[in-house]
Amino acid sequence: MILGDMGADVIKVERPGGGDETRQWGPPFAAEDSVYFLSRLPGLRPTGRADLVRRLSRRCDVLLENFVPGKLAKRGLDFASLSAQNPGLIYCSISGFGQSGPWRRRAGYDVAAAAIGGFLGITGEPDGPPVRAGVAVTDLSTGLYALSAILAALYRRRTAESLGEVGRGCWIDANLLDTPGQEPSRWGTGHANLAPYQAFDTSDRRQLILGAGNDRQFGVLCRRLGAPHLATDPRFLSNRLRVANRTSLIPLIQALVRARPLADWLATLEGSDLPYGPVNTVAEALASPPVADPASGLLVTCEHPAAGRVTAPGPAVRFDGRRGEVTRPPPRLGEHTDEVLASCWTAAARSCWSCGGGK
């Protein structure tokens with residue numbers, strides 16, 4: 001999706017008949033596809049039949065796959081086979097547990113990798129059970145690492161070409177298990193190395209994230225809370241002391257925050273450089289000024305041939321002050337197969353004629 005946001009022409013090869021299994025990850029559904037699928041894959045052109053991958057890979061810059069290691073090799077679609085016909089091909093494999101090792105044959109799913117890698121073990125309240133993150137953090141992180149590696153490989157290839165050398169591709173191995181970190185314990189919304197830095201309850205039963213990233217900010221926080229004496233309390237003079245005396249500090253701040261509603265605190269904290277904000281629902285987040293403003297480009301709306309108007313996240317970054325554009329709606333299964341095949345055969349015929357084959 002991000003490569004597409006940056007302007008790449010992305011061809012998504014799906015299983016004929018059923019397609020990407022996330023098309024059925026619902027409810028909710030919009031027409032024949034799940035909202036989950038529609039919100040994540042705008043701007044792609046799907047096609048099918050693995051035997052066409054060889055032909056497509058001859059003219060593509062990047063191939064990205066997430067099969068269980070070894071499956072594509074059985075069909076002659078591994079890096080060694082495809083790079084033999086396109087030495088510049090950048091081939092990125094995403095798996096659950098890597099291309100080698102005792103678990104390489106295991107299927108990879110976000111929650112399993114997060115559990116095995118220790119991420120679930122550090123997520124949740126200190127006295128509660130492990131908690132799955134609200135989004136697939138391991139999946140997303142692995143995808144971002146893969147994206148960075150692909151861009152680095154493209155840059156390396158282009159650099160070689162600019163020096164008159166052969167621009168060769170490479171095989172990138174990214175997997176879910178390498179992504180999670182490991183820490184000793186759970187902190188809920190808190191932070192192991194900072195205090196205060198967590199959610200606090202307000203008088204109207206909302207929650208406010210509030211923190212201090214350094215000693216100066218702690219002084220600002222105390223003044224905004226109406227308790228400047230806390231900044232000079234010997235127990236809280238430095239972050240090291242505040243972390244050591246967390247069990248004394250947090251109840252004091254909680255008592256202050258609980259005395260007023262969320263809107264009052266947001267007004268009081270406005271203009272400070274403190275880390276603060278409301279704990280929003282998804283609907284509240286989408287309605288918040290920086291997201292809902294049409295000029296922000298954070299949400300894009302396009303017309304889907306079956307589902308009607310579809311709203312999805314827009315490109316996350318700007319280039320020279322402008323976001324990339326979503327030029328296509330999320331694709332229907334097989335919608336672009338004929339288009340892709342036609343361009344594929346045209347390119348093949350042109351290549352054959354230019355080499356003197358005449359067929």
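**Exercise 1. The cavity**

Sort the lining of the largest cavity in this predicted model into nonpolar, polar and charged residues.

*Solution.*
- Start with the totals: seven residues are nonpolar, one is polar and two are charged.
- Now list the names. The lining consists of Asp-110, Ala-114, Phe-119, Leu-120, Arg-132, Ala-133, Val-135, Ala-136, Val-137 and Thr-138.
- Pick out the charged pair. Asp and Arg count as charged, so the two are Asp-110 and Arg-132.
- Thr falls outside the nonpolar and charged lists, so Thr-138 is the polar residue.
- Next, place the lining on the fold. Helix 5 (110–116) and helix 6 each give at least two residues to it.
- Finish with size. The largest cavity holds about 30 Å³ of space, and the count of cavities of 30 Å³ or more is one.

**Exercise 2. The second largest pocket**

Which elements each supply at least two residues of the lining of the second largest pocket, and which one gives the largest share?

*Solution.*
- Begin with the residues. Ala-30, Val-35, Leu-38, Ser-39, Val-282, Leu-286, Leu-299, Val-310, Thr-311, Ala-312 and Pro-313 line this pocket.
- Match them to elements. Helix 2 (35–40), helix 11 (282–287) and strand 12 (308–313) each provide at least two.
- Strand 12 has the largest share, with four residues.
- Check the chemistry. Nine lining residues are nonpolar and two are polar, while none is charged.
- Thr and Ser are on neither the nonpolar nor the charged list, so Ser-39 and Thr-311 make up the polar pair.
- The volume of the second largest pocket is about 320 Å³.

**Exercise 3. A parallel sheet and its helix**

In what order do the three strands of the open parallel sheet lie, and which strands sit at its edges?

*Solution.*
- The order is 5-6-7, with parallel pairing.
- Strand 5 (62–65) and strand 7 (171–175) are the edges, since each pairs on one side only.
- From one strand to the next, the twist averages 15 degrees.
- Look at one pairing in detail. Five bridges link strand 6 (residues 90–95) with strand 7 in the parallel sense.
- Use Cys-92 as a landmark: its bridge partner in strand 7 is Ile-172.
- Now add the helix. Helix 6 (residues 137–162) lies across strands 5, 6 and 7.
- The angle between helix 6 and strand 6 is about 165 degrees.

**Exercise 4. A hairpin and a third strand**

Trace the pairing from strand 8 through strand 9 to strand 10.

*Solution.*
- Strand 8 (197–201) and strand 9 (207–211) run antiparallel, joined by five bridges.
- Together they make a hairpin with five residues between the strands.
- Find the register. Phe-200 has Leu-208 as its bridge partner, and Gln-198 stands opposite Leu-210.
- Move on from Leu-210. Its bridge partner in strand 10 is Tyr-276.
- Strand 9 and strand 10 (residues 276–278) are also antiparallel, with three bridges between them.

**Exercise 5. Two backbone features to check**

Where does the chain have a cis peptide bond, and where does a residue other than glycine have a positive phi?

*Solution.*
- Recall the background: most residues other than glycine have a negative phi, and most peptide bonds are trans.
- The bond from Ala-195 to Pro-196 is cis, with omega near -5 degrees.
- Pro-196 lies in the loop between strand 7 and strand 8.
- The positive phi belongs to Arg-205, at near 65 degrees.
- Arg-205 is in the loop between strand 8 and strand 9, in the turn of the hairpin from Exercise 4.
- Is Arg-205 buried or exposed? Its relative accessible area is 80%. The cut-off for exposed is over 50%, so Arg-205 is exposed.

**Exercise 6. The whole chain**

How many helices and strands does the chain have, and what share of its residues is buried?

*Solution.*
- Count the elements: 13 helices and 14 strands.
- Buried means under 20% relative accessible area. By that cut-off, 36% of the 359 residues are buried.
- Last, look at sequence separation. Take the contacts between residues at least 6 apart in sequence; 65% of them join residues at least 24 apart.

Methods. Residues numbered from 1 in each chain as written. Predicted model: local features only at pLDDT ≥ 70, side-chain atom pairs only at ≥ 80, totals over all residues. Heavy atoms only, no water. Pairing = 2+ DSSP bridges. Axes fitted to C-alpha atoms, helices over the stretch in contact; angles between N-to-C directions. Contact = heavy atoms within 4.5 Å. 1 Å grid on protein atoms, 1.4 Å probe; cavity = no way out; pocket = protein on both sides within 12 Å on 5 of 7 lines; lining within 4 Å. Points joined across faces, edges and corners; volume = space filled by probe spheres on them. Buried < 20%, exposed > 50% of the residue type's maximum accessible area, 1.4 Å probe, protein only.
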